[in-house]
Amino acid sequence: MPKKITALLLAAVMLFSFSGCEFFDRLYDMHLKGEQKESSSLPEEESLPELTEADPNWPVTVCNTEIAAMPQKVAAASPALVEYISDLGLLSRLCAACDFCAFSKEAEALPSVGSPSLPDFDSIKSAEPEYILTLAEYDEASLIKLQQMNITVLVFSSPKTFDELRALYKELALFFLGAEEGAAAGEAFVQKYNAALDETAYSGEKSTALFLRGMDNIVITGDSLGGEILSRCFVNAAGEASGFEYPADDFSDLKPDIIFVGGTVRLKDLENSDLYRKKSAVKNDRVFLADLDALNIASLRALSVAKDMMATAYEDYSGGTKLEVAYPSIYQ
């Protein structure tokens, strides 16, 4: 074959080889682009929303009011209510309290928002509570003003029996802690309270006692929570009366072995009184100072006071600390 033809054939083969490689490369590129185009035309997989576990504690309904989430700023406008909250170990959850909350240094240190009968709106504005808890109702004008401040007022029922008191403790636990945690905490506290109440009793022969809240005939009668506590410890000389007042005409018939006084009453006052001076308890200085206001609240502190009273009256009782004689006396 002539050299010239051979060279031409070789060049053609090389050209074909180069063009073929380029052809297949282009074909491969087109194939890849087609796959990408096809895949891009597919709908994107939708991302499912994250499932959040429902909080078993909230919302909870207390006093016919739905509490959507854990309360952050709460004021209590009744001294007894502040003490019940303290019993539950929740006093630190209050941003403000009320007047006359002097049962502990922690309670006394809380800012006061006044009382339902005389609210301190400047202090309420400063404290900025979400809720105000109370045992007494505000008047309509005060309620409207509190509503304008975006404050929800919850009025709890003042307990008259131990069952009502237990229910109140449970309701307060629900308010602060929610449905599940509150129910558990409330039930645990009620069991603690019941055990303390069971311990507040005297099994021996009970002394007859008078519980004098104020001069004249203002006493703890049998128709109150305080009266029910004391009936476990003593024979209440005024137990048959009601309404914290003993009939003045029958007062001379009372012959208590021991008298417990509260507030500002002292032995000297009884020694100067025609109603008391001839009673043996006064003559024998068997008049002792006790926190009778606590008894009417029937809190854990009330049970402690009752134990101190029993330790004072009974030599064989060691469950409390003896109280001091309510001096001064006109004979000292």
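This report describes strands, a helix, two buried polar residues and two pockets in a predicted model.

## Strand β7 and its partners

Strand β7 spans residues 208-214, and five of its seven residues are buried, which leaves the strand mostly covered. Strand β7 pairs with β10 in parallel through four bridges. Within this pairing, phenylalanine 211 has phenylalanine 260 of β10 as its bridge partner, and leucine 212 stands opposite valine 261.

Strand β7 is also joined to β9 (residues 235-236) by two bridges, again in a parallel arrangement. Here alanine 209 stands opposite asparagine 236. The pairing with β8 (residues 218-219) is antiparallel and has two bridges; in it, leucine 212 is matched with valine 219. Leucine 212 thus has a partner in β8 and another in β10. The hairpin formed by β7 and β8 has three residues between the strands, and aspartate 216 adopts a positive phi near 70° there.

## Strand β10

Strand β10 comprises residues 258-261 and is covered on both faces. Ile258 and Phe260 are buried on one side, while Ile259 and Val261 are buried on the other.

Besides its bridges to β7, strand β10 is joined to β11 (residues 287-289) by three bridges, and these two strands run parallel. Isoleucine 259 has valine 287 in β11 as its bridge partner.

## Helix α12

Helix α12 covers residues 300-313, a total of 14 residues. The distance from its first C-alpha to its last is 20 Å, close to the 20 Å expected at 1.5 Å a residue. The helix is mostly covered, with twelve of its 14 residues buried. The buried positions include Leu300, Leu303, Val305, Met309 and Met310, and also Lys307, Asp308 and Thr312.

## Two buried polar side chains

Lysine 307 belongs to helix α12. Its relative accessibility is 16%, below the 20% limit, and lysine 307 therefore counts as buried. The side chain of lysine 307 is joined to that of glutamate 199 by a polar contact of 3.2 Å.

Serine 329 is located in the segment after α12. This residue is buried because its relative accessible area is 6%, under the 20% cut-off. The side chain of serine 329 makes a polar contact of 2.7 Å with the side chain of glutamate 271.

## The largest pocket

The largest pocket holds about 240 Å³ of space. Its lining consists of Ala80, Tyr84, Leu135, Ser158, Pro159, Lys160, Asp223, Ser224, Leu225, Phe244, Asn296 and Ile297. Helices α2 (79-87) and α11 (292-297) each contribute at least two of these residues. By class, the lining has seven nonpolar, three polar and two charged residues.

## The second largest pocket

The second largest pocket has a volume of about 160 Å³. The residues that line this pocket are Pro79, Ala80, Glu83, Phe100, Ala102, Phe103, Asp291, Asp293, Ala294, Ile297 and Arg301. Two or more residues of the lining come from each of α2 and α11. Its lining divides into seven nonpolar and four charged residues, with no polar residue.

Ala80 and Ile297 appear in the lining of the largest pocket and also in that of the second largest pocket.

Methods
Residues are numbered from 1 along each chain as its sequence is written. This is a predicted model: local features need pLDDT of at least 70, side-chain atom pairs count only at pLDDT 80 or more; totals for chains, interfaces and linings use all residues. Side-chain values use heavy atoms; hydrogens and water are left out. Buried means under 20% relative accessible area, exposed over 50%, partly exposed in between (1.4 Å probe, protein chains only). Two strands pair if DSSP finds at least two bridges between them. The expected span of a helix is 1.5 Å times one less than its number of residues. On a 1 Å grid over the protein atoms alone, a cavity is a set of points where a 1.4 Å probe fits but cannot get out, and a pocket is an open set with protein on both sides within 12 Å along at least five of seven lines; lining residues have an atom within 4 Å of a point. Grid points are joined across faces, edges and corners, and a volume is the space filled by probe spheres set on the points. Ala, Val, Leu, Ile, Met, Phe, Trp, Tyr, Cys and Pro count as nonpolar, Asp, Glu, Lys and Arg as charged, and the others, Gly among them, as polar. A polar contact is a pair of N or O atoms within 3.5 Å; within protein, one must be able to donate a hydrogen and the other to accept it, and residues adjacent in sequence count only if both atoms are side-chain atoms.
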